[in-house]
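Student: Can we go through this structure together? I'd like to start with the basics.

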Amino acid sequence: MAIPYNPADAVERPRYRRMKFQALTVEEAQEFLDFARGHKDYPIIYTALYTGMRQGELLGLHWDDVDITRGVLKVQRTAQWVTGYGRIEKPPKTEAGRREVDLPETVIKILREVRKQQAEDRLFMAEKYQENNIVFCQENGKPIDNSNLTYRFRRLANAAGLPNLRFHDLRHTHASLMLAAGEQLLVVQQRLGHEKPSTTADIYGHAIPGQQRAAADRFDNLFGHQMGTKPVQRFYSQKK
């Protein structure tokens, strides 16, 4: 026998809850980098923090994507390890994810050092070196497994006294600190590869300082403070 209503209509759909993230302060980020200096993953950690790139984007970065002279790199693919298939490279999920990222001088210096070290490793290992043209790779040229990088990062973060810090939080830190420093939302959106500024604002809007105060002041300026120069008149409704 059919019932006259759909029982599912009475069920409240669970709301989507965005995963909470941890963003380091400037002081915490500097202390973490100082602690990580000398670690084998220091170059990729440094680049992640200073560019906001995702782990897969960094592991999928080829030297052909990097223009040291111009100080810019192109995000054209993401790399990950899939059980049963091994390493897979694929383009970003969205067109906005395929982007150019301008590099600060410190990152350019880091990449120069990485390229120099790889040249030395290539000579030392000779035929044992596996050429893949990958920016961040193992000492023998082979790709880095995402899970291995994540494991090493967790151990490093724990040792640094940041047990809850994830690799992806470097991206969150980059965005939060840029916005807190007054960078335009559109610029941060482009660096992160979000499709819309609203996505960036939804995630990091809390990091923009003084939004309400600035809005209140702008509204006040619309009237040129004239309302406060005249006596307040009171209006009363009268019944006829």
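Tutor: Below we talk through a sheet, a helix and two loop residues.

Student: What kind of model is this?

Tutor: This is a predicted model, where local features need pLDDT of at least 70, side-chain atom pairs count only at pLDDT 80 or more, and totals for chains, interfaces and linings use all residues. Residues are numbered from 1 along each chain as its sequence is written, and side-chain values use heavy atoms, with hydrogens and water left out.

Student: OK, the sheet. In what order do the strands come?

Tutor: The order is β1-β2-β5, in an open sheet of three strands with antiparallel pairing. Strands are DSSP runs of E, at least two residues, and helices are runs of H or I, at least four residues; both are numbered from the N terminus. Two strands pair if DSSP finds at least two bridges between them.

Student: Which ones are the edge strands?

Tutor: β1 (66–67) and β5 (99–102). Each pairs on one side only.

Student: And how many bridges join β1 to β2?

Tutor: Two, and β2 covers residues 72–75. V66 stands opposite L73 in β2.

Student: New topic: α5. What should its span be?

Tutor: Helix α5 has 14 residues, 146–159, and at 1.5 Å a residue it should span 20 Å. The expected span is 1.5 Å times one less than the number of residues. The end C-alpha atoms are 20 Å apart, which agrees.

Student: Which residues of α5 are buried?

Tutor: N146, L149, F153, L156 and A157. They cover an arc of only 95° around the axis, so they lie on the same side of α5. That arc is taken from the directions from the helix axis to the C-beta atoms. Buried means under 20% relative accessible area, exposed over 50%, and partly exposed in between (1.4 Å probe, protein chains only).

Student: Why would residues a few places apart point the same way?

Tutor: An α-helix has 3.6 residues a turn, so residues three or four places apart point the same way.

Student: What's exposed on the other side of α5?

Tutor: R154, R155 and A159.

Student: And what covers the buried residues?

Tutor: The cover includes α1 (26–36), α2 (42–51), α3 (55–59), β3 (78–82) and α6 (168–180).

Student: Now the loop. What is phi of A126?

Tutor: Near 55°, a positive value in a residue other than glycine. Most residues other than glycine have a negative phi. A126 sits in the loop between α4 (105–125) and α5. A126 is partly exposed, at 40% relative accessible area.

Student: And N133, where is that?

Tutor: N133 is in the loop between α4 and α5. Its phi is positive, near 60°.

Definitions and conventions: Contact = heavy atoms within 4.5 Å.
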